[in-house]
Amino acid sequence: MDSHVDLSFLLHALIPSWNSVSLLMGFFTYLAVAGSILPGKLIPGVALPDATCLHYRCNGLLLLLLLIVLLGISAKMGVVSSTAISNRGLELLSTTFFFSFLVALILYFSGFKSKSKGSSLKPHISGNLIHDWWFGIQLNPQFMGIDLKFFFVRAGMMGWLLINLSILMKSIQDGTLSQSMILYQLFCALYILDYFVYEEYMTSTWDIIAERLGFMLVFGDLVWIPFTFSIQGWWLLRNNVELTTAATVANCFVFLIGYMVFRGANMQKHIFKKNPKAPIWGKPPKVVRGKLLASGYWGIARHCNYLGDLLLALSFSLPCGISSPIPYFYPIYLLILLIWRERRDEARCAEKYREIWTEYRTLVPWRILPYIY
């Protein structure tokens, strides 16, 4: 009987409502309008195969902070509830999923009709509808002048923070706020804010440069990032964890090391792409045949940035203790994903750089974690 009640409650909670639709549409409308109006650095993207170059308005930090202020004022005035998201978690999840599905279909059919010959909008059609819908057929589709790929990844990262803040308000309201919840919230907030401080670095990532926009990326940005990266917060709402001082210190240490490696490696790569002669750690960079950076973090492991990412993911889960594997879903998933991605990167680089890559592998033998992998 209980399982039947739980199942019917779950199914009911997953049905989108007008409230969840209006929350989602309000969020996207704000991002589109304010993102186009607010000042920000105009960053040129990587040159496309046809020699054109997209420009990105990097005002994400201002956009996010203004949104939090507006939501805070609205909550004070009783216009919106600070726990609106945490009260409708499953409903918003299903609403966002259906939205992602529809967007991918629209992208497929609109892209299919495109006659553009430019790299940005030229359709790449395999003839397999499911394949093309999943991976996308256009590199940089736009809507009303907005680059959708950049827009969706920005929405996903902001959505993650908004979910977390609503969970935080729910725990305060319920009187269950714990040291574990504070640690989790602090680490995630610092990571997300840092992302927007260095938003321009996003313009040189693989997703932006090379992946076409289909269901895989839309779902990944809008559903996977905000709703799975916040699992620890949802879990802590219903489970009390008492951390020892040693565990708290160790958790902070994992976060700081992870951040140092993640941000440092990505910064070195971004700077190297802009200026190949810029010093790394105070010394001229070691470059394999003028192509591949083998200094700094990139001289320690070929994908050292993945190590930083994994340590950060682990630091988000450690506040939950070790009584359940559920809060560790994100770091476990990320480990599998990054090893798979690293294998694909290796194959792609071996084909692209050939003997230069062989030389780089000899110079930097470790893939992600020195002396282990």
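Trainee: Which residue does the side chain of Arg-154 meet in a salt bridge?

Mentor: This is a predicted model: local features need pLDDT (the predictor's confidence in each residue, from 0 to 100) of at least 70, side-chain atom pairs count only at pLDDT 80 or more, and totals for chains, interfaces and linings use all residues. Numbering runs from 1 along each chain as its sequence is written, and side-chain values use heavy atoms, with hydrogens and water left out. A salt bridge is a side-chain nitrogen of Lys or Arg within 4 Å of a carboxyl oxygen of Asp or Glu. At 3.0 Å, N to O, the partner of Arg-154 is Glu-199.

Trainee: How many residues apart in sequence are the parts that this pair ties together?

Mentor: Helices (H or I, at least four residues) and strands (E, at least two) are DSSP runs, numbered from the N terminus. Arg-154 lies in helix H7, and Glu-199 lies in the loop between helix H8 (179-197) and H9. So the pair ties together parts whose separation in sequence, in residues, is 45.

Trainee: Is Glu-199 buried or exposed?

Mentor: Buried means under 20% relative accessible area, exposed over 50%, and partly exposed in between (1.4 Å probe, protein chains only). Arg-154 has 7% and counts as buried. Glu-199 has a relative accessible area of 2%, so Glu-199 is buried.

Trainee: Which residues are linked with Glu-342 in a network of salt bridges?

Mentor: Glu-342 lies in helix H14 (residues 329-353). Its relative accessibility is 0%, so Glu-342 counts as buried. Its side chain meets that of Arg-343 at 3.8 Å, N to O. The residues linked with Glu-342 in the network are Arg-343 and Arg-367.

Trainee: Which residue in helix H14 pairs with Arg-302?

Mentor: Arg-302 sits in the loop between strand E6 (292-293) and helix H13 (304-317). The bridge is 2.8 Å, N to O. Both partners are buried. The partner in helix H14 is Glu-346.

Trainee: Which helix gives the most to the largest nonpolar core?

Mentor: A nonpolar core is a set of buried Ala, Val, Leu, Ile, Met, Phe, Trp, Tyr and Cys residues joined through side-chain atoms within 4.5 Å. The largest one has 75 residues, and Trp-160 and Phe-316 have the most contacts inside it. With 13 residues, the helix that gives the most is H7.

Trainee: How many residues does the second, separate core have?

Mentor: Its members include Val-288, Ala-301, Cys-304 and Cys-349. The number of residues in this second core is 18.

Trainee: What is the phi of Met-144?

Mentor: Most residues other than glycine have a negative phi. Met-144 is in the loop between strand E3 (142-143) and strand E4 (146-147). Met-144 is exposed, with a relative accessible area of 71%. Its phi is positive, near 55°.

Trainee: How far is Ile-209 from Asn-140 in space, C-alpha to C-alpha?

Mentor: Ile-209 is found in helix H9 (residues 206-209). At 28% relative accessibility, Ile-209 counts as partly exposed. Ile-209 and Asn-140 are 69 residues apart in sequence, yet their C-alpha distance is 9.1 Å.

Trainee: Over which residues is the pLDDT below 50?

Mentor: The chain has a mean pLDDT of 87, with 97% of its residues at 70 or more. The stretch below 50 has zero contacts (heavy atoms within 4.5 Å) beyond near neighbours in sequence. That stretch is residues 1-5.
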